[in-house]
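New to this one? Take a look at the model below, and then we'll walk through a few spots in it.

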Amino acid sequence: MGAENYNKPSDTIPLITPYKMGQFDLSHRIVLAPLTRNRAYNNVPQPQAALYYSQRTTKGGLLIAEATGVSDTAQGYRDTPGIWTKEQVEAWKPIVDAVHQKGGIFFLQMWHVGRVSNCGFQPNGQAPISSTDKAITPGLDGGEWSPPRRLRTDEIPGIVNDFRLAARNAIEAGFDGVEIHGANGYLIDQFLKDQVNDRTDEYGGSLENRSRFALEVVEAVTNEIGANRVGIRLAPYTDFMECSDSNPDALGLYMANALSKYNILYLHVIEPRVIGARVLQGVEDEAPHRLLPMRKAFKNTFIAAGGYTRSKANQAIAENYADLIAFGRMFLANPDLPRRFELDAPLNKYDRSTFYISDQVKGYTDYPFLEEA
């Protein structure tokens, strides 16, 4: 079917409507979700990333860069980028410039993996750090996970400071803002969720205590670069890397209310139907609008992610369930996803086998645009 047959005017498509996110004027509601690509050799972003991100850039479109380590203890996967050294900051600059030249808005997702690591990724071969000393089941998700070391109470401010410095570095690299990675079983999530956090100090036990580390990171980062440049991603419902909570509704609502007090730019939440890289079928029918209480509690921009189709995303925007929808694999395989959605054009299929290979072209910058297809 040729493009001339796609006759839906864009003003009737909720996803293709403008939106003001703080000081940023977005031309549509489609966000590039943060996607680990494992192509940053030795934790340094490579030049080809400029092409990868610029391919997916539209004027007034929001992109969130792949999860990026805040320190030399933050790594748990090979060839993921960092933002803690001068070399890394300099390597990010041309990548950010490429996005800005096309009029995009670019945020960096900052992460610390915590116990989702092993001694081989740690700077001196030591144990990974976490909220706990409970290990992930060996071999889970194909990884070799080393038993972690529980952070002492007096060490936590230093980790908070790593996030603060990383945020400052991100702004120096030219990013428009940062997204704090508080989801998917990584360090912040390991503090938030009661099935992992078994602490007895002020960072464990009650919901307030378990949320303390996350909120200290938010406070430090907002103080450093301004609340208008800060977002956070949460996933209260997922149990990725054996990180789950006994009452995710309460956890999500508590965090949404607490985050509103810091007046941060956006809250980005993963739907319950997503577990790690898997999308559970039929869950959205059993628990429709599960994120609505969080959406109502948080006063600024709300981004939903996880298993969205074009029709479900349009419905979510039309019903005011979310302000923006983040797309991962679909955006990876379709660099011109906003245009395809606008035209209701066919989509390229993603190739899962190339998600995490180190090739700088295959499965990275070689997905065809609509005209090429």
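Helices here are DSSP runs of H or I with at least four residues, strands are runs of E with at least two, and both are numbered from the N terminus. Keep in mind that this is a predicted model.

With those labels in hand, start at Glu-242, which sits in the loop between β9 (230-234) and α7 (248-261). Is Glu-242 buried, partly exposed or exposed? Glu-242 counts as partly exposed because its relative accessibility is 33%, and that class runs between 20% and 50%. Setting aside neighbours within four places in sequence, Glu-242 is in contact with Arg-115, Ala-135, Ile-136, Thr-137, Leu-140 and Val-196. Now look for Ala-227: in sequence, Glu-242 and Ala-227 are 15 residues apart, yet their C-alpha atoms are 31 Å apart in space.

Asn-161 makes a nice counterpart. Asn-161 belongs to helix α3 and, with 28% relative accessibility, counts as partly exposed. Along the chain, Asn-161 and Ala-220 are 59 residues apart, while 7.2 Å separates their C-alpha atoms.

That brings us to a pair of helices. The axes of α3 (residues 156-172) and α6 (residues 212-225) come within 9 Å and cross at roughly 35°, and α3 passes α6 in a right-handed crossing. On the α3 side, the residues that meet α6 are Ile-156, Ile-159, Val-160, Phe-163, Arg-164, Ala-167, Arg-168 and Ile-171. Their partners in α6 are Phe-213, Glu-216, Val-217, Ala-220, Val-221, Glu-224 and Ile-225. Sorted by class, this contact has 11 nonpolar, no polar and four charged residues.

A second helix pair is α1 (residues 48-55) with α2 (residues 86-101), whose axes come within 8 Å and cross at roughly 25°. So α1 is roughly parallel to α2, since angles under 35 degrees count that way. The crossing of α1 past α2 is right-handed. From α1, the contact is made by Ala-49, Ala-50, Tyr-53 and Ser-54; from α2, by Trp-92, Pro-94, Ile-95, Ala-98 and Val-99. What classes of residue does the contact of α1 with α2 have? There are eight nonpolar residues, one polar and no charged ones.

Here are the two pairs side by side:

| Helix pair | Axes come within | Crossing angle |
|---|---|---|
| α1 and α2 | 8 Å | roughly 25° |
| α3 and α6 | 9 Å | roughly 35° |

Stay with α1 for a moment, and bring in Thr-365. Thr-365 lies in the segment after α12 (337-343). Its relative accessible area is 10%, so Thr-365 is buried, the limit for that class being under 20%. Which residues does Thr-365 touch, not counting those up to four places away in sequence? They are Gln-48, Leu-51, Tyr-52, Gln-55 and Gln-360. With Gln-48 there is also a polar contact between the two side chains, at 3.0 Å.

Finally, check out two asparagines in the loop between β3 (30-32) and α1, one of them Asn-38 and another Asn-42. Phi of Asn-38 is near 55°, a positive value in a residue other than glycine. Asn-42, not a glycine either, has a positive phi of about 55°. Their surroundings are another matter: Asn-38 counts as buried at 6% relative accessibility, whereas Asn-42 counts as exposed at 68%.

Notes
Residues are numbered from 1 along each chain as its sequence is written. This is a predicted model: local features need pLDDT of at least 70, side-chain atom pairs count only at pLDDT 80 or more; totals for chains, interfaces and linings use all residues. Side-chain values use heavy atoms; hydrogens and water are left out. Buried means under 20% relative accessible area, exposed over 50%, partly exposed in between (1.4 Å probe, protein chains only). A polar contact is a pair of N or O atoms within 3.5 Å; within protein, one must be able to donate a hydrogen and the other to accept it, and residues adjacent in sequence count only if both atoms are side-chain atoms. Contact means heavy atoms within 4.5 Å. Axes are lines fitted to C-alpha atoms, for helices over the stretch in contact, and angles run from 0 to 180 degrees between N-to-C directions. Angles under 35 degrees count as roughly parallel, over 145 as roughly antiparallel, 65 to 115 as roughly perpendicular and the rest as oblique. A crossing is left-handed if the near helix is turned anticlockwise from the far one by less than a right angle, and right-handed if clockwise. Ala, Val, Leu, Ile, Met, Phe, Trp, Tyr, Cys and Pro count as nonpolar, Asp, Glu, Lys and Arg as charged, and the others, Gly among them, as polar.
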